[in-house]
Each structure stands twice: as C-alpha cells, then as structure tokens.
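User: Hey, I've got a new structure open and I'm trying to find my way around. Can you walk me through it?

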Amino acid sequence: LTIDSAELRVVNLPLITPFTVSNQTLTDKTFPLLTLRADGVEGYGEGVMDPYPDYLEETLPGALAFLRDLILPQIVGKRIGNPAELTALLAPWRGHKMSKALVELAFWDLWTKALNLPLCAALGGLRDAVPVGVSLGITPIERTLERIAEAEAAGYKRIKLKVAQGHDLKLLEAVRREFPAVKLTVDANTAYGLADLATLRAMDRFDLDYIEQPLAVDDIHDHALVQREIATAICLDESIRTPVDCRKALAAGAARVINIKVGRVGGYSAAKAIHDVSEAFGAPVWCGGMLESGIGRAHNIHLATLPNFTKPGDTSSASRYFHRDIIAEPLEATGGLMPVPGNGAGIGVTLDRPFLNTVTRSTEEFRP
Ligand code: OSB
Ligand code: MG
C-alpha cells in the first residue's frame with residue numbers, strides 16, 4: 001500500500017454523565033481521529049490521549065505535534081506493505097505509545113480493507129461477539145447502587161467500580177449488601193500505596209474478581225509485595241506498557257490478570273504480544289477502554305476476539321456514554337455480549353460524516 005494522504009481531526013463529544021476516577025473527572029471526550037487513504041480505501045483510528053496528562057503522561061497537544069511534525073510527513077507518500085513495516089518505522093521514537101497506536105489502528109483498518117478481511121480475522125481472533133461489563137465512575141453510593149441495578153438488568157457480565165482513598169470499603173459494603181452475587185471488580189487508578197495495605201487486605205472480604213492498579217504506575221515491585229499479602233488477584237493497567245513489562249510483572253507475581261488497552265501499549269502488535277505473554281503465564285486478559293467513540297470501540301471489539309481475552313472487557317454500549325456516536329452503526333451490547341461489527345472488511349463501521357463534521361474542532365490534511 002502507498003499512503004496517498006492522511007487527515008487528522010480533533011473531535012469533541014459531550015458525555016451523557018461526567019466520569020470520575022480517583023484523580024480526574026471527565027465531562028466530555030476530546031480525541032484525535034486519523035484517516036489514512038490508499039488505493040481508494042480509507043482506514044480509521046482513534047487516539048486515547050487526554051488533553052492533560054492525568055491517566056498517563058501523553059497529552060493531546062503533544063500527540064498532535066508528534067504526528068504533525070514527525071510521523072505523518074514520514075508516512076504519507078510512503079509504501080508500507082504490512083503492519084510490521086509500520087511498527088518498524090515508528091519504533092525509533094521513544095514513548096508516544098498512544099500516538100503510535102492511533103497510526104497503527106488506522107493502518108490495520110486500511111490494510112485489512114485492502115485485503116478484504118475482517119480486522120479480527122487478520123489478528124487471529126475467533127469470536128463473533130465479546131463478553132463485556134461496565135465501568136462505573138465515582139458517584140454518591142446511592143447513585144452507584146442504581147447504576148449497578150441498571151447494568152445487571154441489561155445483562156452486563158461484570159461491574160467494575162472506581163475506588164479512591166476514602167471511597168472504598170463503605171462502598172463495597174453497601175454494594176455487597178444489595179448485590180451479594182454480582183461479579184465485581186474495583187479500579188483504583190493508582191490511588192493507594194504500601195501504607196494502605198490494611199485497606200487492600202480488607203477488600204478480600206468482598207469476593208472481588210480482581211483489584212485493578214492499586215499502586216503507582218511504575219511500581220511493579222510493590223504490587224508484588226501487595227499481591228503476596230492479599231488473596232484477591234491484582235490486575236495491572238497503567239503499569240503495563242510493553243510485552244517486557246508484562247513478562248516482568250507476571251514473573252514477579254505482581255499481578256494475575258492483565259488489562260490490555262491498545263492505546264496504552266502502542267498498537268496491535270504490542271497488544272497481541274502482551275496477550276501471548278499473558279497466555280504463556282496462564283494469566284487471563286481483558287480489553288480495557290478509555291471512553292472511546294465508535295471508531296476506538298470497534299477496534300477494541302476486534303482486539304477482544306483473541307482467545308485469551310477470557311474476562312469481560314469494558315467496551316459497553318456506546319449509548320451509555322454518548323447521545324450520538326460518530327459512526328453510522330450502533331455499537332450496542334445485548335445480554336453482556338458485544339457483537340463484532342461488520343461482516344466484510346476492516347473494523348466494519350463507517351463514519352457518520354454529517355454528524356462528525358458538527359463535532360470536529362479542527363482538521364489537518366497531509367499530502368506527499
Ligand atoms: O482505568 O480503565 C481505566 C477511563 C478513563 C481513565 C482510565 C480508565 C477509564 C475507564 C473507562 O475505566 C472504561 C470505559 O471505556 O468504559
Ligand atoms: Mg484501569
């Protein structure tokens with residue numbers, strides 16, 4: 001494929017309800033949308049970097065500069081035969097994994113459309129639907145209980161609760177009193193430290209499927225210390241950026257479950273390698289989310305068709321987040337199963353261009 005041109009948009013969608021995690025509240029979602037064009041086909045990718053560096057270090061302004069000044073000029077007009085060639089082109093640059101993932105996602109969509117293959121088939125995925133749960137942001141406990149009841153009624157396969165210092169054990173007591181049997185997990189987004197061992201130990205009482213990212217981003221060692229002290233499995237999210245991180249974490253006993261986000265790890269090739277390393281250790285994985293719009297969601301669903309994605313992912317119905325999506329096909333789960341979109345080629349969804357134009361903040365075109 002020779003990349004004829006690229007288009008980089010910044011899109012803004014309001015969230016139906018604000019989403020609060022231990023260290024930030026999102027009221028709307030601003031993201032880059034990349035289109036790569038070749039031989040009359042288009043591939044789409046969505047970026048997951050936030051405007052500010054609150055989940056990980058990358059930011060939207062930094063990503064736009066990296067893509068505009070360095071990566072897109074290098075790619076447009078170039079012949080790129082397959083994803084491995086693209087990964088090799090991006091490899092020399094440090095960091096910027098979310099930007100690299102954005103380019104990889106668009107290229108995989110483009111490449112599989114040119115091959116007339118569903119993206120999941122090219123990845124090696126097996127399923128035509130993937131099990132999903134919901135991720136519930138921090139709200140007053142009464143409101144959280146209502147939202148759990150709604151998610152259960154909709155058939156979601158697990159409930160993930162965001163927790164934070166001071167918003168943890170009381171929440172879990174209230175939830176377990178009303179929902180003794182629901183499959184439950186918590187996500188701390190790095191809110192705790194070794195000083196909180198008593199709180200983390202107390203979480204063993206609530207039959208959680210796992211505790212996600214209790215400690216700091218760069219702290220695989222201390223996660224191993226905590227995992228030795230608690231019965232509940234630790235799941236790592238922010239700490240796992242590379243397949244090597246994953247090997248070290250699993251070998252050290254720092255986690256027993258891995259959350260894979262294609263943006264965090266720099267694209268499909270790294271995501272697949274992390275999937276494979278985890279499988280070799282006997283550790284299940286699941287597909288995380290970053291409140292993506294339809295393009296990012298479609299990519300997540302294709303990724304989650306790989307065989308070791310045995311725990312429910314975070315790709316719940318888009319209508320839980322947005323009044324209207326930028327794609328034409330609704331991505332809605334039924335009975336906790338999200339169907340893999342499309343029956344033809346690539347990611348299997350198409351842009352709702354008239355609506356997309358109304359929510360686009362800026363557009364840049366790149367030509368050779
Ligand atoms: O840790 O998974 C996370 C959203 C923003 C920042 C971090 C996280 C999340 C989510 C979103 O949990 C889950 C979803 O996309 O539905
Ligand atoms: Mg997480």
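User: What phi does Gly253 take, just after H9?
Analyst: Gly253 takes a positive phi of about 75°. Keep in mind that this is a predicted model.

User: OK, and H9 itself? Which residues in there are buried?
Analyst: Helix H9 covers residues 243-252, and Asp245, Cys246, Ala249 and Leu250 are buried in it. Looking down the axis of H9, those buried residues fall within an arc of 120°, so they line one face of the helix.

User: Which exposed residues sit on the face of H9 turned away from that buried side?
Analyst: Val244 and Ala251 are the exposed residues there.

User: And what covers the buried residues of H9?
Analyst: The cover includes two helices, H8 (220-229) and H11 (268-280), along with strands S9 (234-236) and S10 (257-260).

User: Switching topic. Which residues are around ligand 1?
Analyst: Going along the chain, you meet Val21, Tyr55, Ser135, Asp187, Asn189 and Asp237. Then there is the run Gly288, Gly289, Met290 and Leu291, plus Asp314 and Ser316.

User: How does that shell divide into nonpolar, polar and charged?
Analyst: The shell around ligand 1 has four nonpolar, five polar and three charged residues.

User: Zooming out, which domains does the assignment give?
Analyst: Domain 1 is made of 5-116 + 352-366, and domain 2 is 121-339. Their centres, taken over C-alpha atoms, are 23 Å apart.

User: How many residues does each domain bring to the contact?
Analyst: Domain 1 brings 34 residues and domain 2 brings 33. On the domain 1 side, strands S1 (5-21), S2 (24-38) and S3 (41-46) each supply at least two residues, and so do helices H2 (83-90), H3 (97-114) and H13 (353-359).

User: Which of them gives the largest share?
Analyst: H3 does, with eight residues. By class, the side of domain 1 touching domain 2 has 21 nonpolar, seven polar and six charged residues.

User: Last bit, the whole chain. How many helices and strands?
Analyst: There are 13 helices and 13 strands. The C-alpha atoms fill a box of roughly 60 × 40 × 35 Å along the principal axes.

User: What radius of gyration does it have, next to a compact globule?
Analyst: The chain has 20 Å, which agrees with the value near 21 Å for a compact globule with 368 residues. Also, 50% of the 368 residues count as buried.

User: And what about contacts between residues far along the sequence?
Analyst: Taking contacts between residues at least 6 apart in sequence, 71% join residues at least 24 apart.

Note on methods:
Residues numbered from 1 in each chain as written. Chains lettered and ligands numbered in written order. Predicted model: local features only at pLDDT ≥ 70, side-chain atom pairs only at ≥ 80, totals over all residues. Domains from an automatic or database assignment. Contact = placed C-beta atoms within 7 Å. Helix = DSSP H or I, 4+ residues; strand = E, 2+ residues; numbered from the N terminus. Nonpolar A, V, L, I, M, F, W, Y, C, P; charged D, E, K, R; others polar. Near = placed C-beta within 6 Å. Buried ≥ 20, exposed ≤ 12 C-beta atoms within 10 Å, placed from the backbone. Arc of directions from axis to C-beta. Rg over C-alpha atoms; globule rule 2.2 N^0.38 Å.
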